[in-house]
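Please examine the sequence and the structure shown below. The paragraphs that follow lead through the fold step by step.

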Amino acid sequence: MNVARVLLCLFSVLVSEKFLVAAFSQSLVSDFTFTLPAGRKECFFQTMKNDASLEIEYQVLDGAGLDVDFSLSSPTGHILYSDHRKSDGVYTVETEDGDYMFCFDNSFSAVSEKIIFFELLMDNMEQEGEEPEDWKEYVYGTDMLDMKLEDIMDTINSVKARLGKSLQIQTVLKAFEARDRNLQESNYDRVNMWSMTNMLVMMLVTGVQVYLIRALFEDKRHART
């Protein structure tokens, strides 16, 4: 029976390769990091389909204040979500046919540019009219086995979904790590600058104090001849 299970697994992988590709292509993940100059606004577009799902997550990795304005609009121009001067955000929408627009606005900053990371997770994005092959017609005698092909496919799809979620979480954690590193480097530079400033001020004050003390003990009386 164990040999039969192994043969069934191998056979199902071979005959249903196209089905697996179709099943695994339903979820799409993309991410992008860009620099938003001071006083500028950048918009991006994503084409979606009916009965699909779009999740967008963004983070400000670097820049004074670590904040940005964000907005997400539907294909009809209706603003679905809007943030004002936030460092990160996560939003999910059930989509319809059309182009969704999301914008990052740094116009409130006149000096500092921002480094922004965002990630898109799109579910149920299979092409219309494309259906997975009926792989069951290639399999014979499955009723005699304890493990059915449906169970194998469910397990494979579950593993695939969890691996995709793990990859998404790792990407987000990398973005958090980059933002924290940039913040620490900025604080390090500030600490060094203020330390040097304090040292110069202390040296200047010490010099002034020495000069004043010496001036107190100078004999300014002129000897008479």
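**A guided reading of the model**

Strands β4 and β7 are paired in the antiparallel sense, with five bridges between them. One residue of this pairing can be located directly: S73 has M101 in β7 as its bridge partner. The model under discussion is a predicted one, and the confidence of the prediction is therefore considered before the description goes further.

The protein chain has an average pLDDT of 77, and 74% of its residues score at least 70. Over residues 1-25, pLDDT stays under 50. For this stretch the model has 27 contacts beyond four places in sequence. Where pLDDT is low, the predicted coordinates should not be read in detail.

The protein chain contains three helices and eight strands. Read from the N terminus on, the order of the elements is α-α-β-β-β-β-β-β-β-β-α. Of the 225 residues of the protein chain, 28% count as buried. Among contacts between residues at least 6 apart in sequence, 79% join residues at least 24 apart.

The pairing of β4 with β7 belongs to a wider arrangement. An open sheet of four strands has the order β2-β7-β4-β5, and the pairing is antiparallel. Its edge strands are β2 (41-48) and β5 (79-86), each of which pairs on one side only. Neighbouring strands of this sheet are turned by 10° against each other on average, direction ignored.

The sheet may now be followed from one edge to the other. At one side, β2 and β7 pair in the antiparallel sense over eight bridges, and M48 has G98 in β7 as its bridge partner. At the other side, β4 (residues 68-73) runs antiparallel to β5 and is joined to it by five bridges. Within that pairing, V68 stands opposite K86 in β5.

Residue S71 gives a closer view of strand β4, in which it is found. Is S71 buried or exposed? S71 counts as buried because its relative accessibility is 15%, and the limit for buried is under 20%. Leaving aside neighbours within four places in sequence, S71 is in contact with Y81, S82, M101, F102 and C103. S71 and M101 are 30 residues apart along the chain, and their C-alpha atoms are separated by 8.2 Å.

The next topic is the nonpolar interior. In soluble globular proteins, nonpolar side chains tend to be buried together. In this model the largest nonpolar core has 22 residues, and F70, F102 and F104 are those with the most contacts inside it. The elements that give two or more residues to this core are β1 (28-36), β3 (53-62), β4, β6 (88-94), β7 (98-105) and β8 (114-123). The surroundings of F102 can be listed: beyond its neighbours within four places in sequence, F102 is in contact with residues including F44, I56, F70, F118 and L120. F104 counts as buried because its relative accessibility is 0%.

Aromatic rings form a further theme. A search of the whole structure finds 17 aromatic pairs. One of them is the pair of F44 and F104, which is edge-to-face, with 6.3 Å from centre to centre and 70° between the planes. This pair links distant parts of the chain, since F44 lies in strand β2 and F104 in strand β7, 60 residues apart.

Why does the pair of Y81 and Y91 count as stacked? The ring centres of Y81 and Y91 are 4.4 Å apart and the planes stand at 20°, so the pair is stacked; the cut-off for this class is under 30 degrees. Y81 lies in strand β5 and Y91 in strand β6, so the pair ties together parts that are ten residues apart in sequence. Y81 is partly exposed because its relative accessible area is 28%, whereas Y91, at 15% relative accessibility, counts as buried. Ring pairs also link F32, F34, F44, Y58, F70, Y81, Y91, F102, F104 and F118 into a cluster.

The last residue to be considered is L183, which is found in helix α3 (residues 149-217). L183 counts as partly exposed because its relative accessibility is 42%. L183 and G63 are 120 residues apart in sequence, and their C-alpha atoms are 8.7 Å apart in space.

Key
Residues numbered from 1 in each chain as written. Predicted model: local features only at pLDDT ≥ 70, side-chain atom pairs only at ≥ 80, totals over all residues. Heavy atoms only, no water. Pairing = 2+ DSSP bridges. Axes fitted to C-alpha atoms, helices over the stretch in contact; angles between N-to-C directions. Buried < 20%, exposed > 50% of the residue type's maximum accessible area, 1.4 Å probe, protein only. Core = buried A, V, L, I, M, F, W, Y, C linked by side-chain atoms within 4.5 Å. Contact = heavy atoms within 4.5 Å. pLDDT = per-residue confidence, 0-100. Phe/Tyr/Trp six-rings, centres within 6.5 Å; stacked < 30°, edge-to-face > 60°.
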